[in-house]
Amino acid sequence: MLEAKLQNFVEKELSCRCCGKLIINHETLICLQAFRYFLNRKYGRNIMITPSCGTRCYQHNIDVGGAKGSFHLTGQAFDITSPDITYRQIYEAALESKLFSTVIRYDKSLFVHVDTRKRKNYAIESWVENK
Ligand SMILES: [Zn+2]
């Protein structure tokens, strides 16, 4: 089987924070890695992104108040921050990259949620949460 290594991420940072469960969604992981490359080229330097949340098990999703049917449950979503750029810059770049179908900016928690849920005609939706 053809497989590619993710250059900038390790299993631990993509796994459930409470139990280590990891659901591999290849499309989402490829887009996450591609976004990393996109950022490096956009800024002309190495831009780290930190997935503060990847896979969530059912219980952890409840514990953190996640939406019922959250795409974190299926390994299709990541919450990201960066030590190198602001969360607002992540948000703008995630939209510019067109790699994710959903981009949500959290203005109180200061992170960006991205996911690759299927949308009709490959549409992208984005919004800002005052949370
Ligand atoms: Zn868990």
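**Notes on a mixed helix-and-strand model**

1. **Layout.** Read along the sequence, the elements of this protein run α-α-β-α-β-α-β-β-β. That makes four helices and five strands. Keep in mind that the model is predicted.

2. **Overall size.** The radius of gyration is 14 Å, close to the 14 Å that the globule rule gives for 131 residues, so the protein is as compact as a globular protein of that length. Along the principal axes, its C-alpha atoms fill a box of roughly 40 × 40 × 35 Å. Of the 131 residues, 29% count as buried. Look also at who touches whom. Among contacts with a separation of 6 or more, 58% are between residues 24 or more positions apart.

3. **The sheet.** The five strands form an open sheet. Their order is β1-β2-β4-β3-β5, and the pairing is mixed. At the edges sit β1 (50-53) and β5 (125-129), each of which pairs on one side only. Neighbouring strands are turned by 30° against each other on average, direction ignored. As general background, strands of a sheet pair through backbone hydrogen bonds, either parallel or antiparallel. Here β3 and β5 run parallel, joined by five bridges. Find R105 to see this pairing: it stands opposite V128 in β5.

4. **A helix on the sheet.** Helix α4 packs on the sheet and touches β2, β3, β4 and β5. The direction of α4 makes about 20° with that of β4. Which residues of α4 are buried? They are I90, Y91, A93 and A94. A helix has 3.6 residues a turn, so residues three or four places apart point the same way. The cover over the buried residues of α4 includes α2, β2, β3 and β4.

5. **The core.** Nonpolar side chains tend to be buried together in soluble globular proteins. In this model, the largest nonpolar core has 23 residues. Those that touch the most other members are I80, A94, V103, V112 and V114. At least two core residues come from each of α2 (26-43), β2 (77-81), α4 (87-97), β3 (102-106) and β4 (111-115). Take V103 as an example. Beyond its neighbours within four places in sequence, V103 is in contact with Y91, A94, L95, V112, V114 and S126.

6. **A buried loop residue.** F100 lies in the loop between α4 and β3. Is F100 buried or exposed? Buried, because it has 26 C-beta neighbours inside 10 Å, and 20 are enough to count. Leaving aside neighbours within four places, the contacts of F100 are C31, A94, V114, D115 and T116. For a distance check, pick L14, which is 86 residues away along the chain. The C-alpha atoms of F100 and L14 are separated by 17 Å.

7. **Positive phi angles.** Most residues other than glycine have a negative phi. Three places are worth a look on this score. K98, just after α4, takes a positive phi of about 60°. L110 also has a positive phi of about 60°, although it is not a glycine. L110 is found in the loop between β3 and β4. N121 has a phi near 55°, again positive in a residue other than glycine. N121 belongs to the loop between β4 and β5.

8. **Exposure of two loop residues.** How many C-beta atoms surround L110 within 10 Å? There are 12 others, so L110 is exposed, since 12 or fewer is the cut-off for that label. N121 has 4 C-beta neighbours inside 10 Å and therefore counts as exposed.

Methods:
Residues numbered from 1 in each chain as written. Predicted model: local features only at pLDDT ≥ 70, side-chain atom pairs only at ≥ 80, totals over all residues. Core = buried A, V, L, I, M, F, W, Y, C linked by C-beta atoms within 7 Å. Contact = placed C-beta atoms within 7 Å. Rg over C-alpha atoms; globule rule 2.2 N^0.38 Å. Pairing = 2+ DSSP bridges. Axes fitted to C-alpha atoms, helices over the stretch in contact; angles between N-to-C directions.
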